[in-house]
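Me: I would like to go through this model by question and answer, with the reasoning set out before each result. Please begin once the structure is shown.

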Number of protein chains: 2
Amino acid sequence: MEKQTITIYDVAREAAVSMATVSRVVNGNPNVKPATRKKVLEVIDRLDYRPNAVARGLASKKTTTVGVIIPDVTNVYFSSLARGIDDVAAMYKYNIILANSDGNEQKEIQMLNTLLAKQVDGIIFMGNNLTDELRTQFARSKTPIVLAGSVDPKEEVESVHIDYVAAVEEAVNDLVNHGNKRIAFISGPLDEPINGEYRLKGYKNVLKSNGIEFDEELVFETDSSYRSGEVLWPALSSANVTAAFVGDDELACGVLNGAKDAGVKVPEEFEVVTSNNSKLTEIVRPQLSSITQPLYDIGAVSMRLLTKMMNNEEEEGAQKTVELPYGFIKRASTK
Amino acid sequence: MEKQTITIYDVAREAAVSMATVSRVVNGNPNVKPATRKKVLEVIDRLDYRPNAVARGLASKKTTTVGVIIPDVTNVYFSSLARGIDDVAAMYKYNIILANSDGNEQKEIQMLNTLLAKQVDGIIFMGNNLTDELRTQFARSKTPIVLAGSVDPKEEVESVHIDYVAAVEEAVNDLVNHGNKRIAFISGPLDEPINGEYRLKGYKNVLKSNGIEFDEELVFETDSSYRSGEVLWPALSSANVTAAFVGDDELACGVLNGAKDAGVKVPEEFEVVTSNNSKLTEIVRPQLSSITQPLYDIGAVSMRLLTKMMNNEEEEGAQKTVELPYGFIKRASTK
DNA sequence: GTGAAAGCGCTAACAT
DNA sequence: ATGTTAGCGCTTTCAC
């Protein structure tokens with residue numbers, strides 16, 4: 001004896017009204033006489049009726065859910081963005097389908113397609129490399145998409161992020177001002193525009209305006225893991241580096257600990273600045289000076305922007321790119 | 001001129017077959033002549049047809065999506081579980097609706113209801129306090145639910161976790177073996193069973209079997225934040241503590257740094273063990289000895305269990321509780 | 001192996 | 001203010 005799912009029709013019959021009326025009260029449509037509303041509400045309560053969102057989605061062509069493609073929830077940078085996204089989503093009554101991609105293009109494309117199949121009303125994409133293939137796939141559907149915490153070099157897709165070039169300039173400038181000439185540039189894959197294009201440009205700009213020659217040997221490309229940073233010191237040391245700009249906090253913690261474990265004095269002999277000001281920067285000793293990014297806000301603003309796009313509230317010809325303010329916080333890892 | 005969404009019916013017409021047949025090839029039903037299948041597939045490709053998962057969900061009463069209620073994605077403990085959940089979900093072609101609750105019962109109930117309204121096929125609940133109200137709400141629906149990384153003291157809901165009592169016993173025993181008599185018990189809210197019931201019991205058990213009297217003054221209840229740990233040293237110090245068991249890694253990092261910043265030598269003068277063996281334990285100096293929990297696996301196993309429940313593959317009268325093995329890793333924060 | 005037809009539970013005109 | 005009636009795009013018997 002299966003428990004029968006109870007539908008809008010059951011409520012209508014019990015309340016002796018039409019399903020249209022039930023639908024109206026469920027959806028808060030004001031065109032219902034208070035007495036009727038009350039009666040319907042009672043029946044709904046008595047029958048423990050719950051509107052079926054799937055049926056509603058099919059009929060209305062809106063699912064009030066948005067897809068979120070994330071490289072890895074386990075990474076604080078991304079989970080901070082995700083939290084901002086979810087909070088704003090909840091505020092606007094949306095839910096989030098979260099899918100981990102590991103930054104793998106094939107997975108990203110595949111996720112995108114399942115999300116579209118599930119009729120999400122919009123998509124937030126976090127990823128470090130917006131390939132052409134991906135851009136093509138995006139274009140296939142008319143579902144609004146925004147990039148959170150990343151950049152579309154071609155500026156075809158809406159995105160929310162900070163000015164990476166300027167932020168890195170500020171950080172590296174600090175290092176130069178302390179007299180450092182040989183400053184390492186340490187980051188994840190350079191084929192990710194955020195690293196190879198923007199951050200590197202900021203780094204080079206500062207060197208140039210200070211008359212320091214750019215030295216290819218001081219660019220260290222790794223993955224962004226703690227471990228990769230930890231084992232980097234010997235290489236840094238033999239390159240006679242006295243300071244480092246690092247593009248990721250976990251990586252920076254590794255670099256810092258690797259140096260310290262080798263007996264190097266920080267910041268006296270070696271200065272480090274990092275990029276994301278996540279919790280980690282305060283947990284290590286010495287605490288890490290860092291560019292500050294409003295991670296939560298980047299997520300929140302992305303989602304807010306997406307809600308506008310989903311409601312066609314977006315101004316025509318509005319800028320595709322939202323730049324949020326960055327900052328710099330000096331801690332003990334720099335002089 | 002809106003781009004018309006193309007449906008199964010369009011494909012049927014173009015391929016000169018019935019929609020039933022199209023449905024069959026889309027769903028991999030073998031009862032289709034190869035030639036027909038080929039023809040249909042061609043049309044699907046040509047028309048760029050994508051099955052509408054919402055319509056499918058309405059007709060089949062399965063959405064292939066599961067709800068995941070999580071206190072905070074930003075917390076590594078939970079995000080690690082979440083990653084395990086999502087990976088296994090993906091493996092079984094499910095998607096995840098992720099909702100942050102902040103451990104707030106009202107939000108949890110509300111999320112639960114939206115998830116059910118969205119007709120999720122199952123739910124994974126992460127939370128530290130399974131209240132009666134929540135249990136009642138769970139019972140209202142027949143949707144399978146499993147608890148990940150937490151315990152239902154009444155054992156009414158399926159759950160996956162480690163043996164917290166035994167794990168804490170092992171950790172505290174280590175501390176006792178090093179000659180410590182005054183060992184602090186530091187954790188988040190004691191009204192969460194995992195803290196106030198299981199962990200505390202393990203702690204007391206060890207004291208008892210070693211003839212050490214339990215001292216209420218050595219129990220420190222805080223929230224689980226880094227900051228709360230950081231400011232705890234003065235209190236610990238005046239309680240003449242020589243070691244501490246801590247129930248959360250962030251909290252433990254705070255405790256450790258607070259002590260170190262006050263000039264205390266770790267582990268010589270003060271030993272610390274923590275509970276979750278997250279990345280943080282290796283990032284701080286000295287590195288933290290810790291209970292090890294297979295976080296990713298707890299998530300993965302929870303999801304696997306849920307898939308079985310969703311397919312009614314679960315053995316009748318099977319144990320409601322899955323206990324995964326814990327471990328203990330000695331690092332530099334203990335002698 | 002294939003088709004016809006009846007829903008799935010709801011929204012959204014359109015009437016009244 | 002309320003009811004009637006088509007769908008929404010698909011799955012799923014049940015025939016053939």
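Reply: A polar contact here is a pair of N or O atoms within 3.5 Å. The model is a predicted one.

Me: With that cut-off, how far is a backbone N or O atom of B:Lys33 from a phosphate oxygen of DNA strand C?
Reply: A polar contact requires N or O atoms within 3.5 Å. The pair formed by a backbone N or O atom of B:Lys33 and a phosphate oxygen of DNA strand C is such a contact, and its distance is 2.6 Å.

Me: Which elements give two or more residues to the surface near DNA strand C, and which one gives the largest share?
Reply: Both protein chains take part, with H2 and H4 of chain A together with H2 and H4 of chain B giving two or more residues. The largest share is four residues, and it comes from H4(A).

Me: Which residues are the closest to DNA strand C?
Reply: The strand is surrounded by 26 residues. Of the atoms of DNA strand C that come within 4 Å of the protein, sugar and phosphate account for 64%. By class, the surrounding residues divide into twelve nonpolar, ten polar and four charged. The closest are A:Ile8, A:Tyr49, B:Arg24, B:Lys33 and B:Thr36.

Me: Is B:Thr36 buried or exposed?
Reply: B:Thr36 belongs to helix H3 (residues 34-47) of chain B. Leaving aside residues up to four places away in sequence, B:Thr36 touches B:Val17 and B:Thr21. The limit for burial is under 20% relative accessible area, with protein chains only taken into account. Because the relative accessibility of B:Thr36 is 17%, this residue counts as buried.

Me: What are the distances from a phosphate oxygen of DNA strand C to A:Thr5 and to B:Ser18?
Reply: For A:Thr5, the atom concerned is an N or O atom in the side chain, and the distance is 3.2 Å. For B:Ser18, a backbone N or O atom is involved, and the distance is 2.8 Å.

Me: Which residues come nearest to DNA strand D?
Reply: There are 28 residues around this strand. Their classes are 13 nonpolar, ten polar and five charged. Of the strand atoms within 4 Å of the protein, 61% belong to sugar or phosphate and the rest to bases. The nearest residues are A:Arg24, A:Lys33, A:Thr36, B:Ile8 and B:Tyr49.

Me: How far from a phosphate oxygen of DNA strand D is a polar side-chain atom of B:Tyr49?
Reply: Side chains of both protein chains reach phosphate oxygens of this strand: an N or O atom of A:Lys61 lies 2.8 Å away, and one of B:Asn27 lies 3.2 Å away. For the polar side-chain atom of B:Tyr49, the distance is 2.5 Å.

Me: Which element gives the most to the surface near DNA strand D?
Reply: The elements with two or more residues there are H2 and H4 of chain A together with H2 and H4 of chain B. The element that gives the most supplies four residues, and it is H4(B).

Me: Which residues are the closest to the centre of the largest pocket?
Reply: The largest pocket has a volume of about 1800 Å³. Its lining holds 50 residues, divided into 20 nonpolar, 15 polar and 15 charged. H7(B) gives the largest share of that lining, four residues. The closest to the centre are A:Thr5, B:Leu116, B:Gln119, B:Lys142 and B:Thr143.

Me: Which helix gives the most to the lining of the second largest pocket?
Reply: This pocket has a volume of about 1600 Å³ and is lined by 42 residues, with A:Leu116, A:Gln119, A:Lys142, B:Thr5 and B:Asn52 nearest its centre. The lining comprises 18 nonpolar, 14 polar and ten charged residues. The helix that gives the most, with four residues, is H2(B).

Me: What is the volume of the largest cavity?
Reply: The model has six cavities of 30 Å³ or more. Residues from both chains line the largest one, including A:Glu250, A:Lys279, B:Glu250 and B:Lys279. By class, its lining has six nonpolar, one polar and four charged residues. The space in the largest cavity is about 120 Å³.

Key
Residues are numbered from 1 along each chain as its sequence is written. Chains are lettered from A and ligands numbered from 1 in the order in which they are written. This is a predicted model: local features need pLDDT of at least 70, side-chain atom pairs count only at pLDDT 80 or more; totals for chains, interfaces and linings use all residues. Side-chain values use heavy atoms; hydrogens and water are left out. Buried means under 20% relative accessible area, exposed over 50%, partly exposed in between (1.4 Å probe, protein chains only). Contact means heavy atoms within 4.5 Å. On a 1 Å grid over the protein atoms alone, a cavity is a set of points where a 1.4 Å probe fits but cannot get out, and a pocket is an open set with protein on both sides within 12 Å along at least five of seven lines; lining residues have an atom within 4 Å of a point. Grid points are joined across faces, edges and corners, and a volume is the space filled by probe spheres set on the points. Ala, Val, Leu, Ile, Met, Phe, Trp, Tyr, Cys and Pro count as nonpolar, Asp, Glu, Lys and Arg as charged, and the others, Gly among them, as polar. A residue is near a molecule or strand if one of its heavy atoms lies within 4 Å of it. A polar contact is a pair of N or O atoms within 3.5 Å; within protein, one must be able to donate a hydrogen and the other to accept it, and residues adjacent in sequence count only if both atoms are side-chain atoms.
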